[in-house]
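Me: I should like to go through the terms used for this structure and ask what each of them rests on. Please set each value against its cut-off.

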Amino acid sequence: MSSVVVALVLLAGLSEAAGRILPLVARRPRVSPPVVAGLLLTGTAVESAVVALWPLTAFTLAELLPYATAPGAAPGWTAGQVAPMLLGAVIAFPLLGPALHLMLLTGVGAGLVGPVAAASGVGGWSAAGCVAAAGVGLAAAVEAVRRLVGRIGTTGTRRRTA
């Protein structure tokens, strides 16, 4: 990946993390700034990794299909493909438009179908299924980890008084 693409992926991860964390901060105004900064940095790293892994995961799924013909190199992001994800800074806020956020991710995924199909040798519909499965799978994995961390963070240790 070029340095421009890496920077765009990091900014897309930051926008996704901000969209998840700012509503939390709005509901809990007593959260300290260092905790918010730590959550934002951690969220940025996780969301950036998910964005970066999406083409590779889709390509790997496409290679697993029995009719995949061309063993090519895994496609990567281009600046033109990642740039629309920066709109997530506005659209990712859960209360402002999850449907718009889903439409944005669907559009970005549609742009990924062609390179996955060309690199793996599968048809367009099969590549679209692999891109969708990879996106949903990565999102589900991140959501599961997010809920687990949230549950661990809220349960803490409690002392029982007799």
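**Terms and their grounds**

Reply: Leaving aside neighbours within four places in sequence, Thr44 has contacts with Leu10, Gly13, Leu14 and Ala17. Thr44 lies in helix α2. The model is a predicted one.

Me: Why is Thr44 called buried?

Reply: The relative accessibility of Thr44 is 12%. Buried means under 20% relative accessible area, and Thr44 therefore counts as buried.

Me: What makes Ser48 buried, and which residues is Ser48 in contact with beyond its neighbours within four places in sequence?

Reply: Ser48 has a relative accessible area of 6%, and because the cut-off for buried is under 20%, Ser48 is buried. Ser48 is placed in helix α2. Beyond its neighbours within four places in sequence, Ser48 is in contact with Val9, Leu10 and Gly13. Between Ser48 and Gly13, which are 35 residues apart along the chain, the C-alpha separation is 4.2 Å.

Me: Why are α1 and α2 called oblique to each other?

Reply: The axes of helix α1 (residues 3-27) and helix α2 (residues 33-64) cross at roughly 135°. Angles over 145 degrees count as roughly antiparallel and those of 65 to 115 as roughly perpendicular, the rest above that range being oblique. The crossing angle of α1 and α2 falls under the oblique class, and the two helices are therefore oblique to each other.

Me: How is a pair of packed helices described, apart from the angle between their axes?

Reply: Two packed helices are described by the distance between the axes as well as by the angle. For α1 and α2, the axes come within 7 Å. The crossing of α1 and α2 is right-handed.

Me: Which residues make the contact of α1 with α2?

Reply: On the side of α1, the contact is made by Val9, Leu10, Gly13, Leu14, Glu16, Ala17, Ala18, Ile21, Leu24 and Val25. From α2 come Val36, Leu39, Leu40, Gly43, Thr44, Glu47, Ser48, Val51 and Ala52.

Me: What is the make-up by class of the contact of α1 with α2?

Reply: The contact has 13 nonpolar residues, four polar and two charged. Gly counts as polar and Glu as charged.

Me: Why is Leu11 called partly exposed?

Reply: Leu11 belongs to helix α1. Its relative accessibility is 43%, and because buried means under 20% and exposed over 50%, Leu11 counts as partly exposed. The C-alpha atoms of Leu11 and Glu47 are separated by 9.8 Å, with these positions 36 residues apart along the chain.

Me: What makes Val5 buried?

Reply: Val5, in helix α1, has a relative accessible area of 4%. Under 20% is the condition for buried, and Val5 is therefore buried. Setting aside neighbours within four places in sequence, Val5 is in contact with Trp77, Thr78, Ala79 and Val82. Val5 and Ala79 are 74 residues apart in sequence, and their C-alpha atoms are 5.2 Å apart in space.

Me: Why does Gly123 count as partly exposed?

Reply: Gly123 has a relative accessibility of 36%. This value lies between the 20% limit for buried and the 50% limit for exposed, and Gly123 therefore counts as partly exposed. Gly123 sits in the loop between α5 (98-120) and α6 (124-155). Gly123 and Ala62 are 61 residues apart along the chain, with their C-alpha atoms separated by 9.6 Å.

Me: How many helices and strands does the secondary structure of the chain come to?

Reply: The count is six helices and zero strands, and the order from the N terminus on is α-α-α-α-α-α. Of the 162 residues, 31% count as buried. Among contacts between residues at least 6 apart in sequence, 73% join residues at least 24 apart.

Me: Where does the UniProt annotation "transmembrane region" lie?

Reply: According to the unreviewed UniProt entry, this annotation covers residues 35-61, 82-104 and 124-142. Over residues 35-61 the model is 100% helix and 0% strand, with the end C-alpha atoms 37 Å apart. Residues 124-142 are likewise 100% helix and 0% strand, and there the end C-alpha atoms are 27 Å apart.

Conventions:
Residues numbered from 1 in each chain as written. Predicted model: local features only at pLDDT ≥ 70, side-chain atom pairs only at ≥ 80, totals over all residues. Heavy atoms only, no water. Axes fitted to C-alpha atoms, helices over the stretch in contact; angles between N-to-C directions. Helix = DSSP H or I, 4+ residues; strand = E, 2+ residues; numbered from the N terminus. Parallel < 35°, antiparallel > 145°, perpendicular 65-115°, else oblique. Left-handed = near helix turned anticlockwise from the far one by under 90°. Contact = heavy atoms within 4.5 Å. UniProt positions renumbered as here; feature names shortened; annotations may be inferred. Buried < 20%, exposed > 50% of the residue type's maximum accessible area, 1.4 Å probe, protein only.
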